[in-house]
Every structure is written in structure tokens, then in C-alpha cells.
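Trainee: I'd like a close look at one part of this model, with the empty space inside it as the starting point. Could you walk me through it?

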Amino acid sequence: MKEVNTTVQSFKESIFATMSALAAKNEAINLGQGFPDFDGPLWIRDLARNSFDGKNQYAPAMGVRPLRSSISNYYKSFYGLDFDIDSQITVTNGATEAIFSTCLALINPGDEVIVLEPFYDSYLAAIKLAGGIPVPVTLKAPEFSFDLKELEKAFGPKTKMIFFNSPHNPTGKVFSKEEMQSISRLVIKHDTYLVSDEVYEFLTFDGLKHLPIATLEGMRDRVITISSGGKTFGLTGWKIGWITASEKLSHAIRMVHQFNTFSVCTPLQYAVAEALSKLDSYVPEFVKQYGELRDFFIEGIVEKGFKPIKSEGTYFVLVPTPNGITDIDYCSELIKTKKVASIPLSPFYSKSNEGENYIRFCFAKKKETLAKALMNLS
Ligand SMILES: Cc1ncc(COP(=O)(O)O)c(C=O)c1O
């Protein structure tokens, strides 16, 4: 029989699935996978329950109007960005579909796409399936900033776009305005697009504020901004994401979306629409809750002798591996001997072997889960 798609043949099972399976086999506490082990707020789940009557048929492909309207309102009130409800906002099946539809809509075979590594794993798969050529640029540990000369060299006549993610998974870094300005200057100079993955936009700590890169001068129509209700409301299984982009780019993305997922779960869209209208009161609570979990876990592992890298945002924290042990071996060792699962960093890289020096813990877990893990790590 003939072979399946050759690009797909090169894909492996994701590291999250591998480590979760190993964690389950060893009955380890899973601080690997990036989602809470508790439900999102009851009031949002109640909103969903209430929207199950009369809202059960296909939603419009671009998303229900109340949700697009709430998205438009929060971009305006939080960031001063104006997106047209009808032509510049598209609801997707989570940020993952948003990434995929964007790549298929914008990339022609042979186009180069710059990815800052370590990167979220779906970027590479989406770029490759669209026929694009990933061009990795390594963020330098432990600050995880880029070397401007190296980034400059990565841009060329074939560059179609660059992936950018802040707050950043897996490092927990929040990029500075100066770093974003440097990237923006290159994007404008080389007339390219930028995909900005902002799924952790509301999860910044220590008074840091998220700044969408689309707000920088000259960037509004070059940026495809992606976010996720699953992350913002701690309801990752809902898979309600969205894209804000210029009319031209939104149109192209919608052409892919209509033949892929077509439309997204109708009742949950209504619930997220309502939840987004309450961000002003919700976000401070959300940041406080996750900030406390971060402090509890980080203080705990520091006491155990680990030397974590400061997590400025997201719900992840990196820990260096001990000398002479690589990330994958260290993760396996922690699962087997301490019954605590984490994620090795090397699968987040395609060029550098820097990832061998770090593992990632997720602290979006109940305090008792984190306390048990800390006891095990003694
Ligand atoms: C950086 C980043 N982008 C995108 C996603 C996917 O988000 P969603 O669950 O909305 O598809 C995740 C999920 O872990 C992520 O960490």
C-alpha cells in the first residue's frame, strides 16, 4: 500500500503524551502537562449550563456575534486596539486550530517561517504541513532573549512570517517592550507577518503588564494575534480560541477555518462571551490565585535545593538539570524515584541542544497536589 503523507511520517508522539503515560505507569504526580487539575470558576460553568437551551445548532463560522463583540470590547479596553467585529475577529477551536488555520492560510510551499526556540510544539507541525520551512533562532538561557544579529540574519527574501509568544511557554518569560520593538523593526523592514501567540495574556506576575505586539507602531496589520478562553478561564477542555487580524488576513484564515472545523461549540461560545465581559473583576482574582500557587511551588522547590528560573508569566517554571544529566533522563529519574512528573525541554528545540539543561514544571495544580509533589521531591 502507498505511504501516508511524508511530513506526517516525520511526526512523533508529543512529549506531553509520553511523559503523562510514564507518570501514570509510575503513579507519579503529574506536574508535566500544562493544565489545571481543578475546574475553572463555577460562575462560568453555570453560564455554560444556562446556555444549553436553544443554542445547540451550528454557530456562524466566524463565531457568534456576542463573543466577537466581547473580544472586540476587551481588546479596546485593555489594550486600546480596535478590531472590527464582523471582519477582523474569528473564533477557533482553541489556539491550536488558530495556529493551524493561520499557517495554512498564509504560508506557500517554500516560504520560510522564523521560530524562536524553545517553542510550543504545534508551531513546527503547522508550518511543515503548510509546506513552510521553519528557521529556528535560539533564545539564550537563562534570560531567554535573542541575539539581535542572529535574528536579523534569519530574515531573508523568503521569510513569510515569524512566530512570537509572550508570556512564553515553556520559559515563563514576559518579553520586554524593547525586545518586541527590535522584532517589530525587522518584521517591518522585511515586509513580513508576525503570529503572536498570547494565550497567557492575563497571566503575568509581580505587576508586569502584557503588551500585545500588535500595539507597536506599524504592526497592527502585520500581526495575527491568537488567544484562548481555555487558558484565561482555566477551562482548557472548552477549546474556545480566537484570532484578531486585519481584514485581509482574517479573510484568508476564515477560508481555511470554514473547511476545517467550520464552526465552534455554540453554547460554550455564549458562556465565554459573557465571561469575557467580566474580565475587569475576574483577572485580578485569576492572577492572585495562580500567583499564590507559583510562590508556594517555587519557594518549596528552592527549599529542596532546586534553582528555578524566575517565572514572570504563564503557569510554568524551568529548573536546570544537575550537571551531567540530560533533561529526558532527569525527568525519567524524577518520575521513577520521586514520583513527580515534569517535561523535558529538548523537544521544544529543533536546532540547539540547550534544552537538555532544563525541565519544566506546571504549577497550575491544587495546593495539595503541589504540596504532595514537594514532599516527594525532598
Ligand atoms: C503557548 C501555547 N499556545 C497555544 C496553546 C494551545 O491552546 P488551546 O488549548 O487553546 O488550543 C497552548 C496550550 O498549552 C500553549 O501553551
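Trainee: What volume does the largest cavity have?

Mentor: About 60 Å³ is the volume of the largest cavity, bearing in mind that this is a predicted model. The structure holds one cavity of 30 Å³ or more. As for the walls, the lining includes Leu 116, Pro 118, Phe 119, Tyr 123, Phe 163, Phe 164, His 168 and Phe 175. By class, you get eight nonpolar and three polar residues in that lining, and no charged ones. Strand 5 (residues 159-165) gives the largest share, three residues.

Now look at Tyr 120, Asn 165 and Asn 169: they line the largest cavity, and they also turn up among the residues around the ligand. That takes us over to the ligand, which sits in the second largest pocket. Others around the ligand include Gly 94, Ala 95, Thr 96, Asp 197 and Val 199. Here helix 5 (residues 94-106) supplies the largest share of the shell, three residues. The class split of this shell is four nonpolar, five polar and three charged, while the cavity lining has no charged residues.

For polar contacts, start with Asn 169, which has a polar side-chain atom 2.8 Å from an oxygen atom of the ligand. Tyr 200 puts a polar side-chain atom 2.7 Å from a ligand oxygen, and for Lys 231 that distance is 2.7 Å too. On its own the ligand has 390 Å² of accessible area, and the protein covers 93% of that. So much for the tour: Asn 169 lines the cavity and has a polar side-chain atom 2.8 Å from a ligand oxygen.

Methods. Residues numbered from 1 in each chain as written. Predicted model: local features only at pLDDT ≥ 70, side-chain atom pairs only at ≥ 80, totals over all residues. Heavy atoms only, no water. Near = heavy atom within 4 Å. Polar contact = N/O pair within 3.5 Å; in protein donor to acceptor, adjacent residues only side chain to side chain. Areas by Shrake-Rupley, 256 points an atom, 1.4 Å probe, with all protein chains shown as cover. 1 Å grid on protein atoms, 1.4 Å probe; cavity = no way out; pocket = protein on both sides within 12 Å on 5 of 7 lines; lining within 4 Å. Sits in = over half its atoms within 2 Å of the grid points. Helix = DSSP H or I, 4+ residues; strand = E, 2+ residues; numbered from the N terminus. Nonpolar A, V, L, I, M, F, W, Y, C, P; charged D, E, K, R; others polar. Points joined across faces, edges and corners; volume = space filled by probe spheres on them.
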